[in-house]
Amino acid sequence: MSEYFSNIKIGASTIATGMAITLKHFFNAVKRKGDAGIDDADYFKQVDGLCTLQYPREVVPTPTIGRYRLFNNIEDCIGCNQCDRACPVECITIETIKVTSDDLAACGKTSGGQQKRFWLPVFDIDVAKCMTCGICVSVCPTDCLVHSPVADFSEFDVRNMVYHYGNLSKIEADAKRKKLEEEKAAKEKAAAEAAARGEAPPRPAPKPKPAPGPAPEGAEAGE
Amino acid sequence: MSHAPSLNTWSDALAGFNLGWFPLGLVIVAAIPLVFIALYALTYGVYGERKISAFMQDRLGPMEVGPWGLLQTLADILKLLQKEDIVPTAADKFLFVIGPLVMFVGSFLAFVVLPFGPAFIGADLNVGLFYAIGIVALEVVGILASGWGSNNKWALYGAVRSVAQIVSYEIPASIALLCGAMMAGTLSMQQFCVAQSGPFGLLHWYLFSNPVAWLPFLIYFISSLAETNRAPFDIPEAESELVAGFFTEYTGMKFAMFFLAEYGSMFMVSGIISIVFLGGWASPLPNIGSFALNTMTSGPVWGTFWIIMKSFFFIFVQMWLRWTLPRLRVDQLMYLCWKVLTPFAFVAFVLTAVWEIYK
């Protein structure tokens, strides 16, 4: 019998406590809870109150060192294709056109002073696929591929999630391709003439091989 | 008995108003509570509950539709109207369709005896309280019809639980109200209010003038929560275990009908508790000497204001409890009803009788 009454007593007192807590929160709803993070010293001294953030209008600032959306600084990109190969989800698509020897100056150098040897008509990053693992960033020899602090990049059309960083228009790319082919044809012609004359060694074959090779070394040296 | 001469003047005048053979006045008398339920369920019921629950949980609640989300309920109604009215193929069509109707009618019929102020009441029955208790039991039929007719396990569980719960809780609720009837010596809802109005305002209310009235008051309040399926007695709906309980299969306006019925009966039990224990339309303010605050705040319009405010206060308490307490288990529910509330209701009954004899 005493348990019966103590049960009722506990029931009444716990209900009263609970209702006092909810009523306190109800009246606290005129205030906003402070913005202090868990690492702030006065975290526990903040006023109680509404903690809803009305997202698109109110945003917690992302940290400046945040790694979210991939960004490629195409001016510094040498088209080495390493990020594409490193990407576990294949979200990067790169298309390169070799720069003809007379265009090297037009193609320019990276900010590290390294000669760029590829035109990049296509450098697409599908940020919808990207899982921000950062492997592509760590392999990038010129540090042009980075995760930016932009966290909100939602789109209504999934196709808009593909970001195009290529720096050549279609017409320009076709022109460059044509130019490269012409140069190639000219070189082959010259090589064939040289072969006809009995000189074998200077071939275009060994030349493209070292081209991607020294590029990363050059970048490291440039830093 | 200061208000006795002006009782029911508005509703009597309306009832005598005929348009040829058509009793237009009676239709208006019936339509006023209906419009009131719809308006109150729209504003306070849905929007208010969402806001109150949000504030109690440190949230903001609806904010997007209109300023402060004020038009949210209209958007919800628009959505409900556009929904397809589905009747499951395996459902018992007749029961499925009449379920929500019976439930809404059951909750609406009790408004017949609910006085909206001293000048307006649907019908001033001399057995008003008895009628209100009895007619609410009609809701059980609607719940069982919809739960059984849905041909859905969850719905059936919800319906059976609800019936067990409502039938059980009617006993302590009725005994608690009987205490009120003993104090007033009447069953007429208007006479309850008349008996509790006087120059000293809230000191005439039974809750404050009678030292034992708090016990039946609490018992009726707890039981009324169970009768309206409100938390912590919402096991018939129990979102987390039964989807939506007896109205799991309902869509569109039938679903809205359940909501309307729930908010209607919430107002109705709040109205009954404020009439029986808190003076109904009687003003809480006392006359202080020559400063006749009570007389100033009495009358048909003020009376309407007071009874609606008192009922809204109890609806607020219902919402407040809903967002405080977890749901009771089925056995705890029955324990509370049969082992706690019912014996205490008998104790309250005896105490009230003793007080009424020897006071």
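This is a guided tour of a predicted model with chains A and B, given as a series of selections to make in the viewer.

**Stop 1: chain A**

Begin by selecting chain A, which has 223 residues, 17% of them buried. Coloured by secondary structure, chain A shows 6 helices and 5 strands. Followed from the N terminus, the order of these elements is α-β-α-β-α-β-α-β-β-α-α. Now consider the contacts in chain A between residues at least 6 apart in sequence: of these, 71% connect residues at least 24 apart.

Next, select Thr132(A), in the loop that runs between β3 (118-126) and α4 (135-139) of chain A. Thr132(A) is not a glycine, yet its phi is positive, at about 50 degrees. Most residues other than glycine have a negative phi. Is Thr132(A) buried or partly exposed? Thr132(A) has 13 other C-beta atoms within 10 Å and is therefore partly exposed.

**Stop 2: where the two chains meet**

Display both chains and select the residues that form the contact between them: 15 residues belong to chain A and 12 residues to chain B. On the side of chain B that touches chain A, helix α2 (residues 24-56) of chain B supplies the largest share, 3 residues. Sorted by class, this side of chain B consists of 9 nonpolar, 1 polar and 2 charged residues.

**Stop 3: a loop after helix α2 of chain B**

Remain in chain B and select Asp58(B), which sits in the loop between α2 and α3 (72-82). Asp58(B), a residue other than glycine, has a positive phi, near 60 degrees. Asp58(B) counts as partly exposed because 18 other C-beta atoms lie within 10 Å.

**Stop 4: the nonpolar cores**

In soluble globular proteins, nonpolar side chains tend to be buried together. Which residues have the most contacts inside the largest nonpolar core? Select Ala110(B), Ala176(B), Leu260(B) and Phe277(B): these have the most contacts inside that core, which has 94 residues. Helix α12 (residues 252-278) of chain B is the greatest contributor to this core, with 16 residues.

Centre the view on Leu260(B). Leaving aside residues up to four places away in sequence, Leu260(B) touches Ile37(B), Ala38(B), Ala41(B) and Phe104(B). Another core, of 21 residues, lies apart from the largest one; among its members are Cys77(A), Cys80(A), Ile92(A) and Ile94(A).

**Stop 5: a covered helix**

Select helix α8 (residues 189-196) of chain B. How many of its 8 residues are buried? The helix is mostly covered, with 8 of its 8 residues buried. Labelling α8(B) brings up Met189(B), Gln190(B), Gln191(B), Phe192(B), Cys193(B), Val194(B), Ala195(B) and Gln196(B), which are buried. To find their packing partners, add α5 (128-136), α7 (153-184), α9 (206-209) and α12 of chain B to the selection.

**Stop 6: helix α7 and two partners**

Keep α7(B) on display and add helix α15 (residues 330-358) of chain B. The axes of α7(B) and α15(B) are 8 Å apart, and the packing angle is about 10 degrees. The two helices, α7(B) and α15(B), are therefore roughly parallel to each other. Their crossing is left-handed. The contact of α7(B) with α15(B) comprises 20 nonpolar, 4 polar and 2 charged residues.

Then exchange α15(B) for helix α10 (residues 214-227) of chain B. Here the angle with α7(B) is about 150 degrees, and the axes are 8 Å apart. This angle makes α7(B) roughly antiparallel to α10(B). The crossing of α7(B) and α10(B) is likewise left-handed. To view the contact, select residues of α7(B) including Tyr169(B), Ala173(B), Ala176(B) and Gly180(B), together with residues of α10(B) including Pro216(B), Ile219(B), Tyr220(B) and Ser223(B). The residues of this contact comprise 11 nonpolar, 4 polar and 2 charged.

**Stop 7: a buried loop residue**

Finally, select Glu249(B), in the loop between α11 (239-242) and α12 of chain B. Why does Glu249(B) count as buried? The reason is its 24 C-beta neighbours inside 10 Å, as a residue is buried if 20 or more other C-beta atoms lie within that distance. Apart from residues up to four places away in sequence, Glu249(B) touches Pro88(B), Ala91(B), Ser150(B), Asn152(B) and Ala155(B). As a last step, take the C-alpha to C-alpha distance from Glu249(B) to Met268(B): it is 26 Å, for residues that are 19 apart in sequence.

Notes: Residues are numbered from 1 along each chain as its sequence is written. Chains are lettered from A and ligands numbered from 1 in the order in which they are written. This is a predicted model: local features need pLDDT of at least 70, side-chain atom pairs count only at pLDDT 80 or more; totals for chains, interfaces and linings use all residues. Two residues are in contact if their C-beta atoms, placed from the backbone, lie within 7 Å. Helices (H or I, at least four residues) and strands (E, at least two) are DSSP runs, numbered from the N terminus. Ala, Val, Leu, Ile, Met, Phe, Trp, Tyr, Cys and Pro count as nonpolar, Asp, Glu, Lys and Arg as charged, and the others, Gly among them, as polar. A residue is buried if 20 or more other C-beta atoms lie within 10 Å of its own, exposed if 12 or fewer, and partly exposed in between; C-beta atoms are placed from the backbone. A nonpolar core is a set of buried Ala, Val, Leu, Ile, Met, Phe, Trp, Tyr and Cys residues joined through C-beta atoms within 7 Å. Axes are lines fitted to C-alpha atoms, for helices over the stretch in contact, and angles run from 0 to 180 degrees between N-to-C directions. Angles under 35 degrees count as roughly parallel, over 145 as roughly antiparallel, 65 to 115 as roughly perpendicular and the rest as oblique. A crossing is left-handed if the near helix is turned anticlockwise from the far one by less than a right angle, and right-handed if clockwise.
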